[in-house]
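Q: I'm new to this one. Could you walk me through how to read it?
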Amino acid sequence: MSWLLEPSGATEKFLVMFVAILLFVAVMSLVLFVVDRPKRIPNWVVAIGFVGVPLAFLLYGLIRPTLITVWNSFFDDTSTEFVGLDNYVTAFTQPQFQKVLLVTAAWVILAPLLSTVIGLVYAVLVDRTRFEKAAKALVFIPMAISMVGASIIWGFVYEFRPEQAGIQQIGLLNQVLVWLGMPPQQFLIGQPWNTGFLIVVMIWIQTGFAMTVLSAAIKAIPDDIVEAARLDGLHGMQMFRFITVPSIRPALVVVLTTIAMATLKAFDIVRTMTGGQFGTQVVANEFYTQAFRQNNQGLAAALAVVLFILVIPIIVYNVGQMRKAEDIR
Amino acid sequence: MTTTPTPGQAAGPLVEDDSPATPRKLSRLEKRAIATKGRLSSPWASGIAIIIAVLWTIPSVGLLVTSFRPELDIRNSGWWTVIPGVFTGEAEFTADNYNEVLYGNSSNLADTFVNSFVITIPAVIIPITLALLAAYAFAWIPFKGREFLFVAVFALQVVPLQVALVPLLSDYVDWGINGTFWTVWLSHSIFALPLAIFLLHNFMKDIPASLVEAARVDGAGHVKIFFRVLFPLLVPAIASFGIFQFLWVWNDLLVGLTFTSPAYRPMTVAVAELAGSRGGDWHLLTAGAFVAMIVPLIVFIALQRFFVRGMLAGAVKG
């Protein structure tokens, strides 16, 4: 039976896959069959049949590990000796980690803000034009690309060749600099701007999301409001400022918070493009480094908890907005 | 979606209040009048729109063109230099890079291509099935503590994966199944559940209660109601979340990196490794990145309609 755990070759791998799916279907069918059989059965038994397995998964795979991680964050690097808040003190006071927090803050502020602004502007500009569909598709497509793929795409744009006779730039951005008569730059090395060039990749990915959601919200603005404003003499920027933006405020909040959360947890771009070197490290990637490279389990756990704590204010704000929206209704 | 967008995270029933108050249908003439008065009439506006569109397209075009150029050409000149050659027919293109990256010793992406499929398919089917069952119970089976449990599941979307990784990994090691496909499937399924349950529950709540009541009066049990009445109506919703989950798992790096052994790693991990170890070999990297992108791109473009629908349901409708 070892092939079930260690299949070799494509055929065995797909075979294991089918076994897994069949096994899953069989177990779930059995559970449903059992709770559906008897005629007079209390509702809670049926409910357990439906929610039991998913809840067990969540309890085992999310709630329990979270508690363990919180617990481990108060212990040393091998999780044996209690050290109190030392790991958190390290994370917040050592210059090295303060820098990581600062860079993470730059990500969480800049990426959502700029993706949302660009997505909004683009959605407004192409709204109701002849090319709307095609224009949207162009900005939308990066959403299908993995962050690793996007990192390679942009790594190639940023590629640097030293300025020497006979050597041509192969990265587009440096070639543009050369065309403009400027010296080529090592975009991913020069601090602090390299973090900005990494954030560009995130913005490139997330703008499509912002644009799609905001575009739908713009289309939902009642026409009579737009017309009334137009009769009042509002045009162009004024229309945008006084009608469009206030009308889609709830959608803006959703987009900003969703992208902020995605940004906070993302480590792929930093890991692929710079490996966290040259002052570009973020909390999510530092966690990975500490947990699996440095084997400092205590600090890694503390960083994961910090990540968790940083998400909470975003959620609280979001829920607050939700409440407000419900009150108005 | 890769730690990519997980739209709908805590989106909630947020935007419903700005749904249109049954807008008056505009005549075609009026619509056209609005369109011509629209913002693209100003050259500035069209200029900005075109700049954004170009910025969002050029990097991918560069990658694609480069991936088909001979290795030596890639090293010596930028991809834009082939543009005149395309018109004169002098430009040289080759599939060698793909051959090397797929079957060569340095990367062997063909194997990881298989792995990505083997990982992704169950990691889409299992959580969606589980989430459908749970969503059904939360929507249509009255039981004690239902509200509380649903809110708890909703709240679990907040937990970053990072918090769960190390404890799960140490369990898998203890059980002796670490690095196999089984742990990857399990992990992906667990991590997908909160959002899946939340979204599918919202879709399920939209189905008129009278339908469910009618079936109940006819003597149908919950299992029958679920499969005969609700399931057929939910196919579009399932499709839209299915695409999400597919893209998310296929593009994932964190779970693959943490839980797979080298023989079973997905393509994203292999490509990321290639970027780390052969950072300057753009003939391999561009081809590798494109191979990793092609499946999600096809899925995404073919099923865009469903995808947008799901995204809006998560983010806007709640």
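A: Sure. UniProt, in an unreviewed entry, puts "domain: ABC transmembrane type-1" at residues 113-303 of chain B; such positions follow the numbering used here, feature names are shortened, and annotations may be inferred rather than shown by experiment. It's a predicted model, where local features need pLDDT of at least 70, side-chain atom pairs count only at pLDDT 80 or more, and totals for chains, interfaces and linings use all residues. Residues are numbered from 1 along each chain as written, chains are lettered from A, and side-chain values use heavy atoms, without hydrogens and water.

Q: What share of residues 113-303 of chain B is helix, and what share is strand?
A: Helices (H or I, at least four residues) and strands (E, at least two) are DSSP runs, numbered from the N terminus. Here the span is 81% helix and 0% strand, with its end C-alpha atoms 21 Å apart. Chain B has 15 helices and zero strands.

Q: Is helix H13 of chain B mostly covered or mostly open?
A: Buried means under 20% relative accessible area, exposed over 50%, partly exposed in between (1.4 Å probe, protein chains only). In H13 (residues 267-277), eight of the eleven residues are buried, so the helix counts as mostly covered. Among them are B:Met267, B:Val271 and B:Leu274.

Q: Which side chains form the salt bridge with B:Arg75?
A: A salt bridge puts a side-chain nitrogen of Lys or Arg within 4 Å of a carboxyl oxygen of Asp or Glu. The partner of B:Arg75 is B:Asp281, at 3.4 Å, N to O. One salt bridge is counted between domain 1 and domain 2 of chain B.
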